[in-house]
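Subject: The structure, and some notes on it

Hi,

Here is the structure I promised to pass on. Please have it open while you read, as my notes go through it piece by piece.

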Amino acid sequence: MEFLYYFDNVFTFTNILILILGTIGGLLMGAAPGLSPTMAVALLIPFTFRMLPEQGLIMLGAVYTATVAGGAISGILLKIPGAPANIATVMDGYPMAQQGRSAEALHYCFISSFIGGVIGIFVLIFFTPVLADFALKFGPSHMFWIAIFGVTVISSLDSKSIIKGLFSGAIGLWLATIGYDMILGVERFVFTPIFSGGINIIAALVGLFAIPQVLSMLEEKKVNIDQFAMNKVSLLQSLRYNLSRIKALSIGSLFGVIIGLIPGAGGQIAGLVSYAQIKKSSANKENFGKGEPDGIIAAESANNAMVGPSLVPLLTLGVPGSPTAAVLIGGLLIHGMFPGPNLFTIYAETTWTFINSLLVAQVMMLVFGLYISGLAKYVIKTPPHFMAAAITILAIFGTYSVQHNFGDVIVMLLLGCSMFFLSKFGFTAAPIVLGIILGPIAETNFNQAKIIAGTQNGIFDYLTSGPLNLTIIFLCVASVGYGIYGDIKQKKK
């Protein structure tokens with residue numbers, strides 16, 4: 001219970017002010033397409049140089065947790081996830097907005113984010129030493145199979161056809177190979193210099209989700225301002241319903257914690273895997289993709305439950321559990337604090353103040369997030385042609401700001417226009433994005449596994465040895481089998 005000794009440090013005037021500003025800023029940055037949690041934290045690290053160590057970490061932590069939740073705002077209202085972690089939220093959040101239930105969807109988003117986030121922080125507080133040893137067991141072979149497991153859930157993501165889902169995922173995996181081979185350094189599928197750096201994930205995310213939405217708005221012959229009329233909903237009613245969805249909250253929080261502990265995984269995998277699992281275990285599978293609250297609750301509880309555990313291997317071993325946690329290392333090193341046991345001995349006051357602030361940040365994220373939900377009506381009432389122009393500007397700005405490369409904007413527009421035409425034939429963006437995310441993870445870890453195995457013949461033994469590898473392989477097979485079974489059962493009906 002050591003953390004309780006330093007809890008009052010969070011409530012000094014300066015620290016509370018930093019928490020409030022960081023939370024509000026994180027929610028707004030998360031809602032802006034292209035400004036991912038990783039980018040938001042990276043942009044703010046230089047500003048922490050002249051702060052006290054605990055103040056700098058409090059600001060970065062508040063922005064981290066709020067940006068993850070804030071990305072759902074644009075996902076639900078505009079069908080554009082603010083960050084990769086919010087991809088799964090779009091699948092049912094946007095259909096709910098179309099039904100006039102955007103306030104309800106945003107309520108579910110922030111309440112479930114709060115519940116998952118608090119569970120994740122408590123895991124960080126009470127189980128850090130034990131879970132650090134667990135995280136250390138994940139090597140290249142395990143990470144390769146984790147990526148393959150992610151691929152197996154592709155078929156069930158926002159698609160009525162397993163074949164179309166897998167084909168969409170294959171397109172994403174192919175797009176991930178464009179650029180230079182990370183081991184040999186040779187070009188692959190570089191038809192023009194703008195592809196030499198590969199497909200940037202933010203450019204792909206914004207293009208695949210934003211541009212088809214813009215083209216759909218412009219395609220409408222009649223401009224209907226009230227197309228997304230926002231129904232009034234009681235916060236208490238939303239709270240009661242959310243708390244009653246025990247299965248969705250449990251699945252989301254569990255997978256968020258587990259995937260947060262796995263080095264390099266991140267919230268996007270946590271959200272997508274949790275969404276796929278709640279869909280598979282639901283008695284109302286046909287409702288998913290049409291405005292099913294369980295989809296939002298599972299996805300948002302997962303991507304926020306991931307935040308706390310992603311810091312476990314970072315603080316104890318220096319191994320980040322997510323891309324944003326990797327950037328957060330800079331916030332530690334700037335003040336001469338190196339990950340390891342010293343953080344909980346020599347720098348115990350700073351470390352526990354930071355961890356405690358994450359807990360308070362969850363409460364602030366809930367309060368300010370619900371307040372922002374009430375302002376959503378102003379976005380809903382915007383005429384579609386104005387909204388299309390605003391989304392286009394945000395998409396171009398968000399894409400360009402990542403690497404200051406106009407080639408990324410061209411890639412974003414090409415992917416977006418292609419996705420618009422593919423959507424006419426029943427293909428969806430989520431499996432393609434998941435393929436782009438998982439492709440480099442699978443390839444990098446497979447190549448590392450080959451180097452460790454030493455010979456081409458030894459790679460099979462290396463990838464299939466040990467109980468952890470066999471467990472993940474079993475999950476992959478079970479995931480594919482369950483997906484095929486569910487598809488056959490649905491066709492019989």
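What share of the contacts in the chain with a separation of 6 or more comes from residues 24 or more positions apart? The figure is 78%. Please keep in mind that this is a predicted model.

Now the overall make-up. The chain has 493 residues, and 57% of them are buried. Its secondary structure consists of 22 helices and two strands.

Let me turn to the salt bridges. In general, side chains of opposite charge can pair when their charged atoms come close. The count here is three salt bridges, and I will take them one at a time.

R188 pairs with E443, with 2.6 Å between the closest N and O atoms. This pair joins distant parts of the chain: R188 belongs to strand β2 (residues 187-188) and E443 to helix α20 (residues 429-453), 255 residues apart. Are these two residues buried or exposed? R188 is buried, because its relative accessibility of 17% is under the 20% cut-off. E443 has 19% relative accessibility, so E443 counts as buried by that cut-off too.

The side chains of D294 and R245 form another salt bridge, at 2.9 Å from N to O. D294 sits in helix α12 (residues 293-305), while R245 is in the loop between α9 (235-244) and α10 (246-261), so this pair ties together parts 49 residues apart in sequence. D294 is buried, with a relative accessible area of 7%, whereas R245 is partly exposed at 28%.

R101 and E104 make up the remaining pair, and their closest N and O atoms are 3.1 Å apart. R101 is partly exposed, with a relative accessible area of 21%, while E104 counts as buried at 16%.

Helix α20, which holds E443, also packs against another helix. Two packed helices are described by the angle between their axes and the distance between the axes. For α20 the partner is helix α6 (residues 140-152): the two axes come within 8 Å and cross at roughly 150°. Why are α6 and α20 called roughly antiparallel? Angles over 145 degrees count as roughly antiparallel, and therefore α6 and α20 do. Their crossing is left-handed.

If you would like to look at the contact itself, P140, M143, F144, A147, G150 and V151 are the α6 residues that take part. On the α20 side they meet L434, L438, I441, A442, N445, F446, Q448, A449 and I452. By class, this contact has 12 nonpolar, three polar and no charged residues.

Two single residues are also worth a look on your screen. S253 is located in helix α10. With a relative accessibility of 5%, S253 counts as buried. Which residues does S253 touch, leaving out those up to four places away in sequence? They are G116, I119, S301 and A305.

V363 is in helix α16 (residues 348-374). V363 is partly exposed because its relative accessibility of 41% falls between the limits of 20% and 50%. V363 and I111 are 252 residues apart in sequence, and their C-alpha atoms are 9.8 Å apart in space.

Happy to go through any of this with you.

Best wishes

Note on methods:
Residues numbered from 1 in each chain as written. Predicted model: local features only at pLDDT ≥ 70, side-chain atom pairs only at ≥ 80, totals over all residues. Heavy atoms only, no water. Helix = DSSP H or I, 4+ residues; strand = E, 2+ residues; numbered from the N terminus. Buried < 20%, exposed > 50% of the residue type's maximum accessible area, 1.4 Å probe, protein only. Salt bridge = Lys/Arg side-chain N within 4 Å of Asp/Glu carboxyl O. Axes fitted to C-alpha atoms, helices over the stretch in contact; angles between N-to-C directions. Parallel < 35°, antiparallel > 145°, perpendicular 65-115°, else oblique. Left-handed = near helix turned anticlockwise from the far one by under 90°. Contact = heavy atoms within 4.5 Å. Nonpolar A, V, L, I, M, F, W, Y, C, P; charged D, E, K, R; others polar.
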